[in-house]
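Dear colleague,

I am passing on the structure below for your files. My notes on what was found in it follow.

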Amino acid sequence: MRAAAHRCQWPGCGKEVPASLWGCAVHWRRLPGGLKRRLRQAYTPGQEADRRRMTREYDRVYREILEWIGGREA
């Protein structure tokens, strides 16, 4: 079974994207390469359908991304 789409994770964006993607193409491109690389490495296939499969490292990088965004949006 395929997981439903969700909203782009960039605060305030709200664009719908496939469940396996972090966010829309515009906001994904704004992230630094190191953060994108670490997020891809920590991603567990299928975690969008079952959050129990999400790694601690994915959650950690996700939070770092939100902090990075917050530092630029202020």
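Leu-35 lies in helix H2; helices (H or I, at least four residues) and strands (E, at least two) are DSSP runs, numbered from the N terminus. Leu-35 counts as buried because its relative accessibility is 10% (buried means under 20% relative accessible area, exposed over 50%, partly exposed in between, with a 1.4 Å probe and protein chains only). From Leu-35 to Arg-52 the C-alpha to C-alpha distance is 22 Å, with the two positions 17 residues apart in sequence numbering.

The model is predicted: local features need pLDDT of at least 70, side-chain atom pairs count only at pLDDT 80 or more, and totals for chains, interfaces and linings use all residues. Residues are numbered from 1 along each chain as its sequence is written, and side-chain values use heavy atoms, with hydrogens and water left out.

On confidence, pLDDT (the predictor's confidence in each residue, from 0 to 100) has a mean of 88 over the protein, and 93% of the residues reach 70 or more. Helix H1 (residues 25–30) is highest, at 96, and strand E1 (residues 6–7) is lowest, at a mean of 89.

Pro-45 is in the loop between H2 and H3. With 56% relative accessibility, Pro-45 counts as exposed. Its C-alpha atom is 8.0 Å from that of Ser-20, although the two residues are 25 apart along the chain.

The largest nonpolar core (a set of buried Ala, Val, Leu, Ile, Met, Phe, Trp, Tyr and Cys residues joined through side-chain atoms within 4.5 Å) has 13 residues, of which Trp-10, Trp-22, Leu-31, Leu-39, Ile-65 and Ile-69 touch the most other members. H2 and H3 are the elements that give two or more residues to this core, and H3 provides the largest share, 4 residues.

The whole structure has 2 aromatic pairs (rings of Phe, Tyr and Trp, its six-membered ring, with centres within 6.5 Å; planes under 30 degrees apart count as stacked, over 60 as edge-to-face and the rest as tilted). One of them is the tilted pair of Trp-22 and Trp-28, at 6.3 Å centre to centre and 50° between the planes. Trp-22 counts as buried, at 5% relative accessibility, whereas Trp-28 counts as partly exposed, at 22%.

The largest pocket has a volume of about 470 Å³ (a pocket is an open set of points on a 1 Å grid over the protein atoms alone, where a 1.4 Å probe fits, with protein on both sides within 12 Å along at least five of seven lines; lining residues have an atom within 4 Å of a point; the volume is the space filled by probe spheres set on the points, joined across faces, edges and corners). Of its 22 lining residues, His-6, Ala-19, Leu-21, Trp-22 and Tyr-58 are the closest to the centre.

Regards
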